[in-house]
Every structure is written in structure tokens, then in C-alpha cells.
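Subject: Handover of a structure

Dear colleague,

Please find the sequence and structure below for your records. A short account of what was found follows.

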Amino acid sequence: MRIRTLTLAAASGAALLAAGVLPASASGATPKSAQEGSVSAADLLSKVTSCSQISNGKYRTDDETSATIPVCGKNGAVFWKADMDIDCDGQRTTKCNENADPWYQDDTAFHQSNGQPLKADSLPYIVVPSSSSIWKYSSYGIKGGGVVAVIYNNKVEYAVVGDTGPTNIIGEASYATASALGIDPDPATGGADSGVTYILFKNSTVSPIENHSAAVSLGDQLAKQFLANN
């Protein structure tokens with residue numbers, strides 16, 4: 001998790017370039033693009049065109065922005081539409097470490113089945129705001145390992161709830177989530193400014209949390225239920 005500021009992000013990106021540490025896009029890595037499961041992005045988005053707000057207030061997408069993002073309720077799910085900042089927290093890897101990520105932390109709120117933190121560069125996961133007077137995720141059936149459909153640019157990526165972030169900011173996902181959706185996954189300079197939809201399915205759990213194939217299988221099933229029930 002991080003409290004990201006646009007000014008710091010720009011400065012950190014410049015520092016990384018000066019140090020010779022290039023973001024993934026500059027180093028020649030090409031993020032893969034995925035359409036997971038059998039439910040289309042268009043079908044899912046057609047069910048979240050209006051918002052029945054369940055949060056007591058709204059969230060910022062970054063420190064400098066105003067609070068404009070509500071958490072919305074649907075049958076069997078909650079959702080929000082925001083940006084995507086990149087979370088590189090968890091196990092230290094060649095892509096996620098102190099040199100690559102100015103906000104790097106070596107832990108995640110939820111852990112693998114062996115007790116180790118998650119791997120942000122290989123496991124698609126999202127970050128939920130820590131519980132506060134604005135919204136308490138656990139009161140709505142959202143838990144660590146819960147399944148999430150993340151939609152961007154007409155692509156669907158299934159992820160899990162893997163980390164918690166600041167109480168007033170929303171819109172963050174792991175390096176692997178961004179990469180799969182074709183978003184620049186560099187934690188200092190990447191991400192998407194807008195256009196990302198997060199649909200979190202209530203009372204779902206992937207076990208073990210690190211099994212992405214299980215998340216896709218369960219996610220596809222829950223997405224079909226979501227379409228039928230809304």
C-alpha cells in the first residue's frame with residue numbers, strides 16, 4: 001500500500017531514470033493483454049452504469065485529488081470506478097523492490113498459504129481501503145482472497161483482494177494486474193489515470209489465495225451469476 005502523490009511520483013520517476021533504473025516499458029518488456037473467462041467486459045460494464053452508494057463518503061484517487069469516488073452496491077457485489085496506482089508490495093523480487101518502487105513495503109495485508117507475503121509481480125491482486133468511517137469492507141462480505149473482476153480497455157482480469165491501503169484513497173492493484181490489462185506496471189511512473197472498474201464479489205474466497213487459475217475459474221462463475229442477478 002502507499003499514499004501516492006503525483007508530484008512525488010514524477011520526481012521519483014526522474015530519479016530512477018537518472019539512476020539508470022528503467023520502467024518496464026522503457027526496458028523493452030511488453031505487458032501481456034488478457035481476456036480471462038467467458039464473460040465480456042461489455043456485459044459486466046452494462047450492469048454497473050449507475051451507482052447505489054454504500055459508502056458513507058467518497059474516496060480520493062490520489063492525495064491531490066478531491067474525494068469523488070463512491071463505493072457502490074449491487075446484488076452479490078460491490079464496485080467502484082477509479083484510476084490504478086501500482087502496488088509492488090510483498091515478497092522482494094527483481095521487479096518489486098526498494099530500487100524499483102519508492103513506496104516499497106515487504107509485506108501485504110493478506111498472505112500466501114505458506115505464511116509469506118504475496119508476490120505483486122506475479123499475482124493479480126487489488127488493494128482495498130483500510131476500514132474507516134467512510135467504508136468498512138468486511139461489513140459487506142469482502143475479505144482477503146475475495147475475487148475481483150478488474151476491467152480496463154475492454155479487457156477483464158480476475159484478481160484477488162490482496163492488500164489494504166490508506167483510509168481515504170481508492171484505486172490500486174498489483175504489478176501483475178496492471179501488466180495483464182496492458183497498463184504500464186512501473187510502480188513509480190506507471191498506472192492508469194482513470195477508466196478502471198473494480199467489481200468485488202461478496203463472500204467469495206480463493207484458496208489458496210496465490211492460485212490465480214482458481215481465481216479465474218471462480219471469477220468466471222461469479223461473473224455469470226452477477227449478470228443473472230442484476
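**The cavity and the strands**

The lining of the largest cavity comprises 6 nonpolar, 2 polar and 3 charged residues. Please note that this is a predicted model.

The count of cavities of 30 Å³ or more comes to 1, and the largest cavity has a volume of about 60 Å³. In total, 11 residues line this cavity, and those nearest its centre are P166, I169, I170, G171 and E172. Strand β3, which spans residues 125-129, contributes the most to the lining, with 3 residues.

Strand β3 also leads to the next point, its pairing with strand β5. The two strands run parallel and are joined by 5 bridges. Within this pairing, Y125 has V160 of β5 as its bridge partner.

Strand β5 has a second partner in strand β4, which covers residues 147-152; β4 and β5 pair in the antiparallel sense over 6 bridges. Here Y152 is matched with K155 of β5. The hairpin of β4 and β5 has 2 residues between the strands, and N153 in this hairpin takes a positive phi near 50 degrees.

Why is strand β5 described as largely enclosed by the rest of the structure? Buried is taken to mean under 20% relative accessible area. Strand β5 covers residues 155-165, and 11 of its 11 residues are buried, so the strand is largely enclosed by the rest of the structure.

Yours faithfully,
A colleague

Conventions
Residues are numbered from 1 along each chain as its sequence is written. This is a predicted model: local features need pLDDT of at least 70, side-chain atom pairs count only at pLDDT 80 or more; totals for chains, interfaces and linings use all residues. Side-chain values use heavy atoms; hydrogens and water are left out. On a 1 Å grid over the protein atoms alone, a cavity is a set of points where a 1.4 Å probe fits but cannot get out, and a pocket is an open set with protein on both sides within 12 Å along at least five of seven lines; lining residues have an atom within 4 Å of a point. Grid points are joined across faces, edges and corners, and a volume is the space filled by probe spheres set on the points. Helices (H or I, at least four residues) and strands (E, at least two) are DSSP runs, numbered from the N terminus. Ala, Val, Leu, Ile, Met, Phe, Trp, Tyr, Cys and Pro count as nonpolar, Asp, Glu, Lys and Arg as charged, and the others, Gly among them, as polar. Buried means under 20% relative accessible area, exposed over 50%, partly exposed in between (1.4 Å probe, protein chains only). Two strands pair if DSSP finds at least two bridges between them.
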